[in-house]
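Here is the note you asked for, written for someone opening this entry for the first time. Please read it with the structure on screen.

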Amino acid sequence: SDWKKSKPAQEQRNVLSSFEHLQVKLDGFEDVDLAKHNREVQKIVKELNEHNLIFPGDLDELATSILDMKPPPKKAIEQITPPPPPGAPPKPYVAPKLPKESPPQMPENKYPWSEKIFLDNLLARGMYGCNVLSRIIGRGGMHHRRMETESGARVFFRGLGVSGRDAELNDSLDCRLHIAVKGEVPQQGRSVRRIISDIIAELDGEVNERGEAGPRLDRPRDPEMHPFGFMLPKGEGPEADGPLKFRFPEEDGQTLNDLLVWLKQANMPLELDSDTQWRTTLQVTAVEPPQIDDPPEQAEAIAEAFDRLLEEWQYPSPYWFEEHALRPTGLWTDLTRNEEGGDSACPIAVQQGQGVRLTASAAAYFATIMEQADLVPGVARSTVEAVLMRLRGVVRRQVEDEQLLLYLAYPWAWFSEAVGRGGLRLPFGKERVHEALVELGRVGSKPTESCPAPSFRGFCVEWMPVKAGAVKLDGER
């Protein structure tokens with residue numbers, strides 16, 4: 001019973017069954033030689049041969065002839081080449097050239113008419129730095145619904161930081177803040193323009209009524225969290241820097257002497273002290289020397305006119321100072337005293353939070369503008385220039401290149417969700433950014449051999465009130 005269930009027994013039964021099947025097939029042929037051409041017989045013989053079966057007697061000759069058979073050779077089919085068609089031969093194939101410019105966009109079938117209404121050049125100057133887009137849309141989308149209801153068209157807000165993640169911004173025109181109106185007839189666009197004019201008139205009334213502008217309109221609880229909180233005046237100068245201390249051992253006497261000579265030539269305030277281990281401590285206090293004389297009587301009026309000039313600067317934003325117009329103050333006052341030329345590079349880079357003053361060329365430039373605009377009537381230009389040179393301010397924000405262009409031309413984008421995700425980017429490179437800044441009137445730094453394309457830097461400065469002169473020892477001013 002175990003043998004019958006084993007695999008060799010099963011194979012033996014299969015072989016016997018195939019052999020009996022072969023015998024039955026051969027009995028159906030009168031001539032055994034004809035059987036070798038039968039496909040079923042050939043198949044059974046090949047299967048038995050795989051089991052290494054020894055064919056008995058006449059079957060051995062039949063099996064050998066079947067296993068030695070070769071398939072009949074296939075006859076090669078000669079391909080007949082058709083004769084050429086009558087007439088001249090065809091010209092060689094030339095691949096078409098792709099167009100250099102992409103084809104124009106196909107018009108929408110759903111909206112046969114569309115229009116773009118740009119908002120960035122319609123807004124009042126006092127709206128710079130506030131969340132203007134939310135005011136145009138209205139609370140809960142009130143103004144947006146009014147535009148679509150009264151015009152009967154679809155209204156979409158577009159621009160950098162507004163169009164959404166999936167929208168493609170191809171050029172600077174697409175980045176501008178605008179409304180895309182899609183409808184049937186141009187009258188729908190005129191209805192939207194009328195509503196926008198009403199909204200802007202309300203915004204202008206809000207600015208005039210409250211007497212506030214910029215980020216003050218948003219009433220931020222925490223100015224540090226507001227994108228333009230740096231524009232809110234703090235009313236205080238730069239934080240006092242701690243004194244710089246240098247300790248020299250006795251064997252470094254020559255180094256100490258050289259440093260003392262340099263500091264005295266620069267009129268830097270310093271103190272010397274020695275300890276029991278024959279070490280000398282040099283302390284340099286970062287305090288700007290006070291003004292010697294009192295400011296002119298018109299100094300306060302000139303300072304107010306200067307602040308107003310900067311706030312009401314031409315479109316698109318308040319004035320962002322160039323790097324060559326500022327010089328650092330405090331510890332660096334004496335080191336930069338002779339760096340008055342507008343074209344010369346300052347050896348000390350201006351940084352955010354640093355105290356600054358105007359260069360002589362910048363003071364002359366703004367004095368000329370104030371004189372031509374008659375901002376301080378009856379005051380001599382030399383007096384205006386002298387007061388501007390006395391002003392001291394603090395750099396509240398320092399940016400360069402792409403961020404500077406965003407602050408100048410796309411201020412609404414700083415309120416978008418893309419800022420929190422770190423994805424606020426312009427759709428063009430550094431070279432195009434520099435070209436756009438030049439178009440906005442920026443001068444930038446002077447190129448050099450080592451840096452042929454220096455960065456464009458901008459500084460937002462809060463100017464402090466004019467200070468009186470120092471008190472003399474006899475108690476007189």
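The points below take up helix packing, nonpolar cores and a few single residues.

1. The model is predicted, not an experimental structure. The points that follow should be read with that in mind.

2. Two helices to look at early are H7, residues 142-151, and H9, residues 186-210. Their axes approach to within 9 Å and cross at roughly 150°. Angles over 145 degrees count as roughly antiparallel, and H7 and H9 are therefore described in that way. The crossing of H7 past H9 is right-handed.

3. Which residues of H7 meet H9? From H7 they are His143, Arg146, Met147, Glu150 and Ser151. On the H9 side, the partners are Gln188, Ser191, Val192, Arg194, Ile195, Ile196, Asp198, Ile199 and Glu202. Sorted by class, this contact of H7 with H9 holds 5 nonpolar, 4 polar and 5 charged residues.

4. The largest nonpolar core contains 48 residues. Within this core, the residues with the most contacts are Met147, Ile179, Trp320, Leu405 and Tyr410. At least two core residues come from each of strand S1 (113-118), helix H6 (132-137), strand S2 (154-158), strand S3 (178-183), H9, helix H14 (402-409) and helix H16 (430-439). H9 gives the most, with 7 residues. Met147 of H7, listed above in the contact with H9, is thus also named among the core residues with the most contacts.

5. Tyr410 deserves a separate look. Setting aside residues up to four places away in sequence, Tyr410 touches Leu160, Ser172, Cys175, Arg176, Leu405, Leu426 and Phe428. Of these partners, Leu405 is itself listed with Tyr410 among the residues with the most contacts in the largest core.

6. Another core, apart from the largest one, has 30 residues, including Ile302, Phe321, Leu358 and Ala362.

7. The second helix pair is H11 (299-311) with helix H13, residues 381-390. Their axes are 10 Å apart, at an angle of about 75°. Angles from 65 to 115 degrees count as roughly perpendicular, which is why H11 and H13 are described so. Ala299, Ile302 and Phe306 of H11 make the contact with Thr383, Val384, Val387 and Leu388 of H13. The residues of this contact comprise 6 nonpolar, 1 polar and no charged.

8. Ala325 sits in the loop between helix H11 and strand S7 (326-328). Is Ala325 buried or exposed? Its relative accessibility is 5%, so Ala325 counts as buried. Beyond its neighbours within four places in sequence, Ala325 is in contact with Arg357, Leu358, Thr359 and Ala362; Leu358 and Ala362 are among the members of the 30-residue core. Val356 is 31 residues from Ala325 in sequence, with 9.7 Å between the two C-alpha atoms.

9. Ile369 belongs to helix H12, residues 360-372. With neighbours within four places left out, Ile369 contacts Leu309 and Trp313. The C-alpha atoms of Ile369 and Phe306 are 9.9 Å apart, although 63 residues separate them along the chain. Phe306 is one of the H11 residues in the contact with H13.

10. Arg396 is part of strand S9, residues 393-400. Buried means under 20% relative accessible area, and Arg396, at 13%, therefore counts as buried. Not counting residues up to four places away in sequence, Arg396 touches Phe230, Lys234, Glu236, Gln352, Cys460, Glu462 and Met464.

Conventions: Residues are numbered from 1 along each chain as its sequence is written. This is a predicted model: local features need pLDDT of at least 70, side-chain atom pairs count only at pLDDT 80 or more; totals for chains, interfaces and linings use all residues. Side-chain values use heavy atoms; hydrogens and water are left out. Helices (H or I, at least four residues) and strands (E, at least two) are DSSP runs, numbered from the N terminus. Buried means under 20% relative accessible area, exposed over 50%, partly exposed in between (1.4 Å probe, protein chains only). Contact means heavy atoms within 4.5 Å. Axes are lines fitted to C-alpha atoms, for helices over the stretch in contact, and angles run from 0 to 180 degrees between N-to-C directions. Angles under 35 degrees count as roughly parallel, over 145 as roughly antiparallel, 65 to 115 as roughly perpendicular and the rest as oblique. A crossing is left-handed if the near helix is turned anticlockwise from the far one by less than a right angle, and right-handed if clockwise. Ala, Val, Leu, Ile, Met, Phe, Trp, Tyr, Cys and Pro count as nonpolar, Asp, Glu, Lys and Arg as charged, and the others, Gly among them, as polar. A nonpolar core is a set of buried Ala, Val, Leu, Ile, Met, Phe, Trp, Tyr and Cys residues joined through side-chain atoms within 4.5 Å.
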